[in-house]
Amino acid sequence: MNAYPASPPTRNYDSLVNIYDLLARCWSGGAILAARLWCAERISAEERVMVVGPGTGADAACMAQTGARLLLIDHSSRMLETTARRCRSEGNTTPQQIHGDFRTQKDLELQNSVVAPFFLNIFCSEEALQVMRQLRDSIGPEGRILISDFSAPPRNFIARLAMEIWHGIPMAFFYLWTGNAWHGVHDIPKMAEQSGLEITARKKFAILKWGPRWIEALELRQSSSL
Ligand SMILES: C[S@@+](CC[C@H](N)C(=O)[O-])C[C@H]1O[C@@H](n2cnc3c(N)ncnc32)[C@H](O)[C@@H]1O
């Protein structure tokens, strides 16, 4: 069994708090936000929800408005504060907060839902699988995981190459600036299957509304065949 966590925590996300959403909007033409909100809109009132790496928290604020009981975990104090402020002002509720590395959290209460927006992409494929298993272990038997992230790489060589280039440009920036891992596009549905999870709902989002559908949101539950 490989060490976990294997990579050091990310750095410098604090410095991106005012430009992160703009970068994401320009790069994906709104697809990243749409996928995050698709996940947020599936949450209902009174659910116990953990949001891992909420960033600036548009989706967490939406869940707070719905009346969910939120636990936010982020390694960046400024990202965490920004999300918590939005939950207070837009959702009129104060979420629980943990400032730290999700991978080192132990003995957290089991959640009804765990939301991980563009979190797995921080890690190399081996560690992302370990993070996926930790997400799985954070939900109760009836719970679910909501993930928004890059969709699995296409089979067609040309399409795959184009997607790897599109994914690689921001990855290079985050690799240098925040210490994210350098890796190819993850196959998250396969990681879910390897973690004993099944897809119970999914939606793909097109870049700039008309482009390739390279962003995907997934709802995952414990596999019924286990
Ligand atoms: C790529 S951003 C995603 C932000 C937002 N969820 C989104 O979808 O736009 C990753 C977020 O995870 C946080 N983060 C990075 N590594 C983390 C870790 N090990 N534990 C908890 N949060 C982490 C960063 O501070 C940042 O807020």
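**Exercise 1. The crossing of α3 and α4**

Describe how α3 packs against α4 in this predicted model: which hand does the crossing have, and which residues make the contact?

*Solution.* Start with the hand: α3 passes α4 in a right-handed crossing. Next, take the geometry. Two packed helices are described by the angle between their axes and by the distance between those axes. For α3 and α4 the angle is about 35°, and the axes lie 8 Å apart. Now look for the residues that touch. From α3 come A60, A61, A64 and Q65, and from α4 come T83, R86, C87, E90 and G91. Finally, sort the contact of α3 with α4 by class: four residues are nonpolar, three polar and two charged.

**Exercise 2. α2 beside α3**

Work out how α2 and α3 are oriented towards each other, and say which residues meet.

*Solution.* First find the two helices: α2 covers residues 31-40 and α3 covers residues 58-66. Their packing angle is about 25°, with the axes 9 Å apart. Angles under 35 degrees count as roughly parallel, and α2 and α3 are therefore roughly parallel to each other. The crossing of this pair, α2 and α3, is right-handed. On the α2 side, L33, R36, L37, C39 and A40 take part, and they meet A58, D59, C62 and M63 of α3. By class, the contact of α2 with α3 holds seven nonpolar and two charged residues, with no polar ones.

**Exercise 3. α1 against α2**

What is the angle between α1 and α2, and how is this arrangement classed?

*Solution.* Helix α1 spans residues 20-28, and its packing angle with α2 is about 105°, with the axes 7 Å apart. The range from 65 to 115 degrees counts as roughly perpendicular, so α1 is roughly perpendicular to α2. The contact brings together A24, R25 and S28 of α1 with A31, I32 and L33 of α2. Sorted by class, the contact of α1 with α2 has four nonpolar residues, one polar and one charged.

**Exercise 4. Reading the sheet**

In what order do the seven strands lie, and which strands stand at the edges?

*Solution.* Step across the open sheet and you meet β3-β2-β1-β4-β5-β7-β6, with mixed pairing. At the edges are β3 (96-99) and β6 (197-205); each has a single partner strand, so one side of each is left without a neighbour in the sheet. From one strand to the next, the twist averages 15°.

Now go through some of the pairs:

- β1 (residues 48-52) pairs with β2 (residues 69-74) in the parallel sense over five bridges. R48 has R69 in β2 as its bridge partner.
- β5 and β7 run antiparallel and are joined by seven bridges. I147 has L218 in β7 as its bridge partner.
- β6 and β7 pair in the antiparallel sense over eight bridges. Here I199 stands opposite L220 in β7.

**Exercise 5. A helix across two strands**

Which strands does α4 lie across, and at what angle does it run to β2?

*Solution.* Helix α4, residues 77-91, lies across β2 and β3. Its direction is at about 160° to β2.

**Exercise 6. Two backbone details**

Find where the cis peptide bond sits, and where N92 lies.

*Solution.* For the cis bond, look between Y4 and P5, where omega is about -5°. P5 belongs to the segment before α1. Then move to the loop between α4 and β3, where N92 lies. N92 is not a glycine, yet its phi is positive, at about 60°.

**Exercise 7. Around the ligand**

How many residues are around the ligand, and which come nearest?

*Solution.* Count the residues around the ligand and you reach 20. Of these, Y13, G53, G55, S76 and P117 come nearest. To finish, divide the shell around the ligand by class: eleven residues are nonpolar, five polar and four charged.

Notes: Residues are numbered from 1 along each chain as its sequence is written. This is a predicted model: local features need pLDDT of at least 70, side-chain atom pairs count only at pLDDT 80 or more; totals for chains, interfaces and linings use all residues. A residue is near a molecule or strand if its C-beta atom, placed from the backbone, lies within 6 Å of it. Ala, Val, Leu, Ile, Met, Phe, Trp, Tyr, Cys and Pro count as nonpolar, Asp, Glu, Lys and Arg as charged, and the others, Gly among them, as polar. Axes are lines fitted to C-alpha atoms, for helices over the stretch in contact, and angles run from 0 to 180 degrees between N-to-C directions. Helices (H or I, at least four residues) and strands (E, at least two) are DSSP runs, numbered from the N terminus. Angles under 35 degrees count as roughly parallel, over 145 as roughly antiparallel, 65 to 115 as roughly perpendicular and the rest as oblique. A crossing is left-handed if the near helix is turned anticlockwise from the far one by less than a right angle, and right-handed if clockwise. Two residues are in contact if their C-beta atoms, placed from the backbone, lie within 7 Å. Two strands pair if DSSP finds at least two bridges between them.
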